[in-house]
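User: I'm new to reading protein structures and would love some help. Could you take one part of this model and walk me through it slowly?

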Amino acid sequence: MSTSLPVRSHPASAESSYSRGEVIAAIQDFYELLIKLPYVEPNALVLPPSEGWSGVNAQKLRDRGKTEEVIELLRYLPYLRAPAPGKRWMIGPDTIMIAYCDGEVYDEINDSLQPVPGHCIWLTDYESRDGTSLLFDTHTDTITEWTSLGHHIMIDYEEYENIPTQDKWMAHPTMPAAAFFRLWKQNFEKLVWMAFYNPRGSAGTAQWCISSATLQEEEEDRLASDDDFEPDADEQGDDEEGGSEPDGEDDMDDEDGLIPDEELDELMEDAYGEEAPQRRIDLQSEKNTAEYKPVDLPPPELAEPADQRLLHIMIRERKTKEVYEIYTRNGWPSNFDRENCKVMLADFCEREEGPINRLR
């Protein structure tokens, strides 16, 4: 069954139209911001020698069908070198850097989960099923944000399910590469995304606090950047089953990313009864104190099932606010004391989750 929707074309036979230099510059500019964070170490950023990286595993990439243009691009990209064996830097929530310069190659399972043309290359892997893999297309000079669960797909989910597996990637959000990295850069600059070092993950090394108050115009830019979808005629194949339906959980947040006061009052009254007014005062007091003191919330496992989601939301918002204040108290972004912010975030992480092995 083919989709009847208007289309975005990714011609398989097109000549490469991208500027390698512009893509390299956009990625380097993005990485240079990341090493200013109290997370990625500055010496992690490595730039290619004039002759390009000799460590790129060209043969393995050829065996997986990648073009010579893709391999040549990888030889001249900047990278964030892994901090330790089995650990890699995360450049976005659940988005893990691939250091092709050191012989790393994208996870082979991607070729099964989401086959793509040889002129496209995965720049990142994902750490969890909710994570994002970034796919660069050398024919269209674009980045596609691909997720195994089909988050934020640009067409109806029913239509998406009827697309052949090898074409599903084209239904995911896609932007010109330079614009994409500017947008992700703004997520850090505006503290929509806040990362700090935490080695407890599998391959990843960051803990993330994500502000739900993402700017509406950024989302509109993302949607407007993606033209309509159409599978390539040359890449059509048998329809295969794949993907999982995105989480349909109702969104309790308002458009500013916070629960409305009236709704929060009602929820807290249901959760705490006569103690609700004092609990509400405790929660609001963080706005009026320069040094934030955590609200004394019961552990989620002790709450009634109906109250657990509210408690998780309150805990998440409390942690996000505290991390935000640590960043801003240290002058982010224009007058930033990186080292002090790093120490304060490590203290925060240990207070919340117990001792960690800190990067020196």
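Could you look closely at the salt bridge of Arg338 and Glu41: are Arg338 and Glu41 buried or exposed? And which parts does the pair tie together?

Analyst: Happy to help! Both Arg338 and Glu41 are buried. Please keep in mind that we are looking at a predicted model. Buried here means under 20% relative accessible area, and both residues fall in that class.

Let's start with the pair itself. Arg338 and Glu41 form a salt bridge in which the closest N and O atoms are 3.5 Å apart. Side chains of opposite charge can pair when their charged atoms come close. Arg338 belongs to helix α11 (residues 338–353), while Glu41 sits in the loop between α1 and β1 (45–46), so the bridge ties together parts that are 297 residues apart in sequence. The pair also has company: Glu41, Arg338, Glu339 and Lys342 are linked in a network of salt bridges.

Now let's put this pair beside others. The structure holds 16 salt bridges, and one of them joins Asp102 and Arg81, with 2.8 Å from N to O. Asp102 is in the loop between β4 (95–97) and α4 (110–113), and Arg81 is in the loop between β2 (79–80) and β3 (90–92), so this pair connects parts 21 residues apart in sequence. Asp102 has 40% relative accessibility, so it counts as partly exposed. Arg81, at 34%, is partly exposed too.

Helix α11 takes part in another salt bridge, through Glu352. Lys319 is the partner of Glu352, and their closest N and O atoms are 3.8 Å apart. Because Lys319 lies in helix α10 (residues 305–329) and Glu352 in helix α11, the pair ties together parts that are 33 residues apart in sequence. Lys319 is partly exposed at 22% relative accessibility, and Glu352 is partly exposed with a relative accessible area of 23%.

Next, let's follow the chain back from Glu41 to helix α1. This helix has 15 residues and spans 21 Å from its first C-alpha to its last, close to the 21 Å expected at 1.5 Å a residue. Its buried residues are Val23, Ile24, Ala26, Ile27, Phe30, Tyr31, Leu33 and Leu34. A handy rule helps when you read such a list: an α-helix has 3.6 residues a turn, so residues three or four places apart point the same way.

Where does that lead? The largest nonpolar core has 79 residues, and Leu80, Tyr100 and Tyr327 touch the most other members. Helix α1 (residues 20–34) gives the most to this core, with eight residues. A second, separate core has six residues, including Ile153, Ile155, Tyr160 and Ala171.

Tyr327 is a good residue to click on next. Beyond its neighbours within four places in sequence, Tyr327 is in contact with several residues, among them Leu37, Pro38, Met194, Ala195, Cys341 and Leu345.

Two of those contacts, Met194 and Ala195, take us to strand β10 (residues 193–197), where five of its five residues are buried. Trp193, Ala195 and Tyr197 point one way from β10, while Met194 and Phe196 point the other way. Strand β10 pairs with strand β11 (residues 206–210) in the antiparallel sense over five bridges, and Tyr197 stands opposite Ala206 in β11.

To retrace the path, go back to Arg338 and Glu41, the buried pair, and then find Glu339 and Lys342 in their salt-bridge network.

Key:
Residues numbered from 1 in each chain as written. Predicted model: local features only at pLDDT ≥ 70, side-chain atom pairs only at ≥ 80, totals over all residues. Heavy atoms only, no water. Core = buried A, V, L, I, M, F, W, Y, C linked by side-chain atoms within 4.5 Å. Buried < 20%, exposed > 50% of the residue type's maximum accessible area, 1.4 Å probe, protein only. Helix = DSSP H or I, 4+ residues; strand = E, 2+ residues; numbered from the N terminus. Contact = heavy atoms within 4.5 Å. Expected span 1.5 Å × (residues − 1). Pairing = 2+ DSSP bridges. Salt bridge = Lys/Arg side-chain N within 4 Å of Asp/Glu carboxyl O.
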